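Reader: I'd love a close look at how the helices in this model pack against one another. Could you walk me through one part of it and then work outward from there?

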Amino acid sequence: MKKVSLAKKAGLNLKRLIKKSKYKTQVNFSKVMGVNPTTTRRWIYYGINDINKIVSIAETLNIDFKELLK
């Protein structure tokens, strides 16, 4: 059984959390984060390796950063 890294878990959770948020879409979320939608897709599919970025994303989504790592 392959273990999923925390970076990958954060990416997988990001997609779900964006849909549940007031932003609803990756494009809307990207605009608020000030990044290209391609960057958001990259985070979702390849993971988020930078803890500061995880914290920033959590603040934007108004959640505890630990929600991204569950």
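**How the helices pack**

Author: Happily! Please keep in mind that this is a predicted model. Let's start with α2 and α4, which pack at an angle of about 110°, with their axes 11 Å apart. Angles of 65 to 115 degrees count as roughly perpendicular, and α2 and α4 are therefore roughly perpendicular to each other. The crossing of α2 past α4 is right-handed. On the α2 side, the contact is made by F29, V32 and M33, and on the α4 side by K53, S56, I57, T60 and L61. Sorted by class, the residues of this contact of α2 with α4 are 5 nonpolar, 2 polar and 1 charged.

Now follow α2 to its other partner here, α3. This pair also packs at an angle of about 110°, with the axes of α2 and α3 8 Å apart. That angle makes α2 roughly perpendicular to α3. From α2, the residues Q26, V27, F29, S30 and M33 meet P37, T40, R41, W43 and I44 of α3. By class, the contact of α2 with α3 divides into 6 nonpolar, 3 polar and 1 charged. It is worth pausing on F29 and M33 of α2: they take part in the contact with α4, and they also appear in the contact with α3.

Next, turn back to α4 and look at its packing with α1. Helix α1 spans residues 6-20 and helix α4 spans residues 51-61; they pack at an angle of about 15°, with their axes 12 Å apart. Since angles under 35 degrees count as roughly parallel, α1 and α4 are therefore roughly parallel to each other. Here the crossing of α1 past α4 is left-handed. A10, L14, L17 and I18 of α1 meet I54, I57 and L61 of α4. This contact has 7 nonpolar residues, with no polar and no charged ones.

These contacts lead us to the nonpolar core. The largest such core has 15 residues, and those with the most contacts inside it are L14, F29, W43, I48, I57, L61 and L68. The elements giving two or more residues to this core are α1, α2 (26-33), α3 (37-46) and α4. You have already met several of these names: I57 and L61 of α4 touch α2 and also α1, while W43 belongs to the α2 contact with α3.

Finally, have a look at L68. Leaving out residues up to four places away in sequence, L68 touches K9, A10, N13, L14, L17, I54, I57, A58 and I63. Among these, A10, L14 and L17 of α1 and I54 and I57 of α4 also take part in the contact between those two helices.

Methods
Residues numbered from 1 in each chain as written. Predicted model: local features only at pLDDT ≥ 70, side-chain atom pairs only at ≥ 80, totals over all residues. Heavy atoms only, no water. Axes fitted to C-alpha atoms, helices over the stretch in contact; angles between N-to-C directions. Helix = DSSP H or I, 4+ residues; strand = E, 2+ residues; numbered from the N terminus. Parallel < 35°, antiparallel > 145°, perpendicular 65-115°, else oblique. Left-handed = near helix turned anticlockwise from the far one by under 90°. Contact = heavy atoms within 4.5 Å. Nonpolar A, V, L, I, M, F, W, Y, C, P; charged D, E, K, R; others polar. Core = buried A, V, L, I, M, F, W, Y, C linked by side-chain atoms within 4.5 Å. Buried < 20%, exposed > 50% of the residue type's maximum accessible area, 1.4 Å probe, protein only.
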